[in-house]
Amino acid sequence: MHACENPHFVLQIDPEKGSFAYLPHDDRLPRLTGIRWGITYQQFDKKTRISSQPGQPYTLDVHQVLPSRLGNLSVSTWRSGEYPGGLWAQVEFALCAALPYLLWRIRLINRGDQPLWIDQIELLRAGGQNPNSQVSLGGQFSPHQTWFYANGWQSWSYTGAYSALDSIRRSKLGGFQKPMVINASTPDWKQPGYFTSDFFGLVANTRQRTALLTGFLSQHEHFGTLEALLYDRPSLRLWAGGDHARLDSGREMCTDWAVLAAGALEDPTLLETYLDSAAVENQVQLPESVPSGWCSWYHFYTNVTAKSVIDNLDAVAANRSRLPLEFIQIDDGFETQVGDWYTFKPTFPDGVAPLADRIRAAGLTPGLWLAPFIVHPKSQLEHQHPNWLLRDQRGKPVNAGFVWNAFTHGLDLTVPEALGYACGVVKTAKEEWKYPYLKLDFLYAAALPGVYNDPTQTRAQVLRKGMQALRDAVGTGTFLLGCGAPLGSVLGLVDAMRIGADVSGDWLPAFYNIRFPFKNEAHIPSARNSINNILTRAPLHRRWWINDPDCLLVRPDTRLTLAEVHTLATAIALTGGSLLVSDDLPALPADRLRLAQVLLPVIGKTAEIIDLFESTPPALLRIDLQSAIGSWHVLARFNWNDQPLAWTFNPADFRLPDGDYTLHAFWDDFSAPSREGEPFTMPAILAHGVSLLAAYPARPAACYAGSNLHVSQGLEVITWQTKKNQVELVLDLGRAFEGWFDLILESEAVQAVCLGETLHCEKFANHRTRIYVRSNREPLTITIRHS
Ligand code: 9PG
């Protein structure tokens with residue numbers, strides 16, 4: 001046996017027993033013992049499964065130093081003997097002093113004289129019925145305090161934490177839906193206590209506040225899957241999908257780095273440390289600012305016309321001082337057919353290039369939707385280039401899911417002309433049509449299971465190389481938004497990424513306008529599904545890319561209640577991602593425009609999702625903010641129930657220190673003091689609604705106590721000075737604003753003045769004073785005198 005350690009854990013490698021163990025120094029943390037690895041592969045007609053076992057030949061090389069992006073890695077290599085067909089395996093274990101993770105990967109070498117086909121490379125199998133192996137989550141296992149955080153395969157796939165008593169949410173839409181949102185090599189079974197996760201996942205002990213995280217640092221080589229069975233004796237399995245790719249004689253194949261770590265659930269979270277390492281490994285470079293703009297999809301859908309784009313451009317330009325948006329993004333509907341990107345519908349008589357010119361002339365940035373890897377069966381492309389389509393064993397094009405009223409198909413990017421075509425489309429959009437912002441959608445369609453022209457590539461390799469080729473075709477100066485994309489496949493290659501299902505004007509999903517049987521579908525368009533992932537994938541924002549939460553819909557004629565619109569706006573605003581409005585702006589009433597306006601400028605920071613690992617969907621958010629008024633907290637409490645929710649404010653629920661707070665609820669304009677040790681009864685939250693609170697630590701001197709000018713209720717204040725019997729402050733939002741702010745003064749207000757004019761004030765109990773303001777754009781200096 002060989003043991004190595006870093007400041008966080010000991011790794012024991014025991015090739016004689018055929019296993020290894022991960023043992024954190026802190027004995028309260030989860031640990032794994034008796035971990036096995038294995039490989040499933042095929043020689044011509046023979047399926048073979050090998051597994052690390054006692055008594056097999058091996059050699060062990062210890063402590064080579066391997067420089068890496070994460071720092072110097074100390075590597076120990078366990079080399080196997082020969083397996084049937086001439087397959088050799090080696091497991092490389094790496095420790096890095098700064099990281100709490102064990103890193104390891106498996107390299108396969110074909111030393112035989114015939115090809116082998118690799119189906120699955122299992123990096124971890126632990127626990128379950130094997131008496132020599134244990135998954136210990138800290139203390140006695142109890143499903144009541146065990147939760148599993150499952151990451152969905154691609155942008156739209158459901159992500160969230162499950163109680164171990166629960167079972168995974170499966171789609172009932174079969175071939176209509178699953179090719180899009182489920183990784184073909186991730187099992188899709190429903191059984192209580194059985195869970196899967198793509199790329200990475202977490203098992204949490206919510207009583208001890210500890211967790212185990214495992215997954216992969218990148219997804220260049222294989223799609224990674226985690227599988228957990230969480231009852232009785234818990235078991236875990238982590239594997240790299242081999243996709244039956246051919247490993248030729250004399251060739252090697254190596255997995256991406258797998259990671260395994262145990263740690264505290266909160267602060268600094270295990271998840272965040274992992275996300276940061278994966279960002280380093282994938283050389284993520286974050287854009288400086290978060291996009292804001294208008295998108296054509298969620299009002300016009302495929303009926304968008306050049307005229308509707310221009311009408312909305314004009315409305316954005318006319319409203320710029322009130323609603324400063326930067327992008328106009330044309331979505332699906334301009335092309336004659338998905339796949340035929342160079343021909344335009346009659347409603348776009350001059351194509352999309354003149355629109356880009358017009359958008360730029362108005363001082364805005366043009367954005368365009370493209371889906372370069374998916375093909376509509378009625379497209380010219382499909383008929384002119386049948387050999388570019390990915391096909392199954394029988395030669396039929398594979399199903400990429402039911403979209404645009406048809407079962408769609410995917411390109412085989414290992415056909416060089418097909419990849420060349422996709423690259424040509426994005427390059428044309430950038431260079432000839434002059435769009436510096438591209439939304440690249442349905443990217444999963446390049447990674448469907450099928451018979452590839454090059455059978456030596458895994459699906460993950462095909463997609464990663466395809467995405468890298470698109471990035472190379474447009475250069476680093478183009479803003480790429482990934483959508484419908486497996487997460488790890490685009491990590492480091494996109495600037496922004498859709499992280500959830502499409503929003504829609506319905507709270508619950510419907511399929512072709514039929515609601516009831518589909519209301520529990522977790523991946524299809526609906527406000528609820530969209531908001532779920534906005535919250536559960538919030539930690540990815542500004543670590544892996546700019547999160548795109550999908551669009552804000554504020555118009556009054558959807559089927560969303562005002563409370564539901566508030567919930568959508570709150571989730572988008574507090575998680576910090578892009579802000580895209582998708583209503584018909586010329587038709588938008590002023591009170592609804594205001595719902596979007598108060599989100600600008602975007603806060604840019606991401607809320608901590610307090611109950612991410614133990615509530616589904618999460619219901620509690622917190623952001624700590626600072627401005628001239630000092631520091632305060634913005635808090636959100638969501639109500640996912642279909643009935644109003646009575647609740648009390650208790651600082652500890654948001655992990656706030658106990659103390660006195662002045663509260664103001666933004667959407668309902670409710671003010672209250674909350675006293676230390678006395679949970680405060682709040683107004684009930686409407687069904688599917690939210691209470692969005694500013695909590696200002698109570699101060700003896702004059703203090704800011706809420707506003708309706710901006711969701712942060714404080715970032716609008718850029719200077720703040722108090723003198724004897726006087727407060728002077730400057731408000732600035734970089735846009736026009738009209739509304740009020742509240743102060744709690746030490747004595748009764750006498751007068752508020754701005755630019756020599758007296759402002760309207762309202763006085764309430766305890767010297768709370770509401771001051772009405774209005775700016776056409778410029779900062780306002782306001783002086784308030786009190787007695
Ligand atoms: C354009 C749209 C928008 C949207 C994208 C994507 O059939 N489906 O399940 C399905 C899922 C998602 C979807 C369309 C269809 O939306 O997310 O923002 O760009 O394509 O067609």
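How many salt bridges does a search of the whole structure find? The search turns up 40 salt bridges, and keep in mind that this is a predicted model. Beyond the charged pairs, there's a largest nonpolar core of 251 residues, a right-handed crossing of helix 7 and helix 8, and a helix 10 whose ten residues are buried, ten out of ten. Here's the rundown by topic.

**Salt bridges**

- Glu252 and Arg107 pair up through their side chains, with N to O at 3.2 Å. That pair links distant parts of the chain, since Glu252 sits in strand 19 (residues 252-254) and Arg107 in strand 9 (residues 102-110), 145 residues apart.
- The two partners don't share a burial class: Glu252 has 47% relative accessibility, so it counts as partly exposed, while Arg107 comes in at 19% and is therefore buried, the cut-off being under 20%.
- Arg237 and Glu227 also meet in a salt bridge, N to O at 2.8 Å. Arg237 belongs to strand 18 (residues 235-247) and Glu227 to strand 17 (residues 224-229), so this bridge ties together parts that are ten residues apart in sequence.
- Glu227 is buried, with a relative accessible area of 11%.
- Arg237 and Glu227 don't stand alone: they're linked with Arg49, Glu122 and Arg125 in a network of salt bridges.
- Arg555 forms a salt bridge with Asp557, and their closest N and O atoms are 3.5 Å apart. Arg555 is buried at 12% relative accessibility, whereas Asp557 is exposed at 59%.

**Helix 7 against helix 8**

- Two numbers describe a packed helix pair: the angle between the axes and the distance between them. For helix 7 (residues 416-431) and helix 8 (residues 459-474), those are about 35° and 8 Å.
- The crossing of the two helices is right-handed.
- On the helix 7 side, the contact is made by Leu419, Ala422, Cys423, Val426, Lys427, Lys430 and Glu431; helix 8 brings Gly466, Ala469, Leu470, Ala473 and Val474. Sorted by class, that's eight nonpolar, one polar and three charged residues.
- Ala473, in helix 8, is worth a closer look. Leaving out residues up to four places away in sequence, Ala473 touches Cys423, Val426, Lys427 and Glu431.
- Why does Ala473 count as buried? Its relative accessibility is 11%, and the cut-off for buried is under 20%.
- The C-alpha atoms of Ala473 and Ala422 are separated by 9.6 Å, with their positions 51 residues apart along the chain.

**Nonpolar cores**

- As a rule, nonpolar side chains in soluble globular proteins tend to be buried together. In the largest nonpolar core here, with its 251 residues, the ones with the most contacts inside are Trp104, Tyr274 and Trp544. Helix 8 supplies the largest share of this core, eight residues.
- A separate core of 15 residues lies apart from that one, with Trp647, Phe649, Leu656 and Leu663 among its members.
- Once sequence neighbours within four places are set aside, Tyr274 is in contact with Tyr101, Phe199, Phe200, Leu213, Phe216, Leu217, Val259 and Trp544.

**Buried helix 10**

- Helix 10 (residues 527-536) is mostly covered, with ten of its ten residues buried. Its buried residues include Arg528, Asn529, Asn532 and Asn533, alongside Ile531, Ile534 and Leu535.
- What do the buried residues of helix 10 pack against? Their partners are strand 12 (146-150), strand 13 (160-163), helix 11 (562-575), strand 35 (608-609), strand 36 (620-627) and strand 37 (630-638).

**Buried spots in loops**

- Ala446 is in the loop between strand 30 (437-440) and helix 8, and it's buried at 0% relative accessibility.
- Beyond residues up to four places away in sequence, Ala446 touches Phe373, Leu411, Leu413, Tyr452, Val462 and Leu463. Its C-alpha atom is 5.9 Å from that of Gly410, 36 residues away along the chain.
- Ser52 is in the loop between strand 5 (46-51) and strand 6 (58-68). Ser52 is buried too, with a relative accessible area of 1%.
- Not counting residues up to four places away in sequence, Ser52 touches Gly18, Arg36, Trp37 and Trp78.

Methods: Residues are numbered from 1 along each chain as its sequence is written. This is a predicted model: local features need pLDDT of at least 70, side-chain atom pairs count only at pLDDT 80 or more; totals for chains, interfaces and linings use all residues. Side-chain values use heavy atoms; hydrogens and water are left out. Axes are lines fitted to C-alpha atoms, for helices over the stretch in contact, and angles run from 0 to 180 degrees between N-to-C directions. Helices (H or I, at least four residues) and strands (E, at least two) are DSSP runs, numbered from the N terminus. A crossing is left-handed if the near helix is turned anticlockwise from the far one by less than a right angle, and right-handed if clockwise. Contact means heavy atoms within 4.5 Å. Ala, Val, Leu, Ile, Met, Phe, Trp, Tyr, Cys and Pro count as nonpolar, Asp, Glu, Lys and Arg as charged, and the others, Gly among them, as polar. A nonpolar core is a set of buried Ala, Val, Leu, Ile, Met, Phe, Trp, Tyr and Cys residues joined through side-chain atoms within 4.5 Å. Buried means under 20% relative accessible area, exposed over 50%, partly exposed in between (1.4 Å probe, protein chains only). A salt bridge is a side-chain nitrogen of Lys or Arg within 4 Å of a carboxyl oxygen of Asp or Glu.
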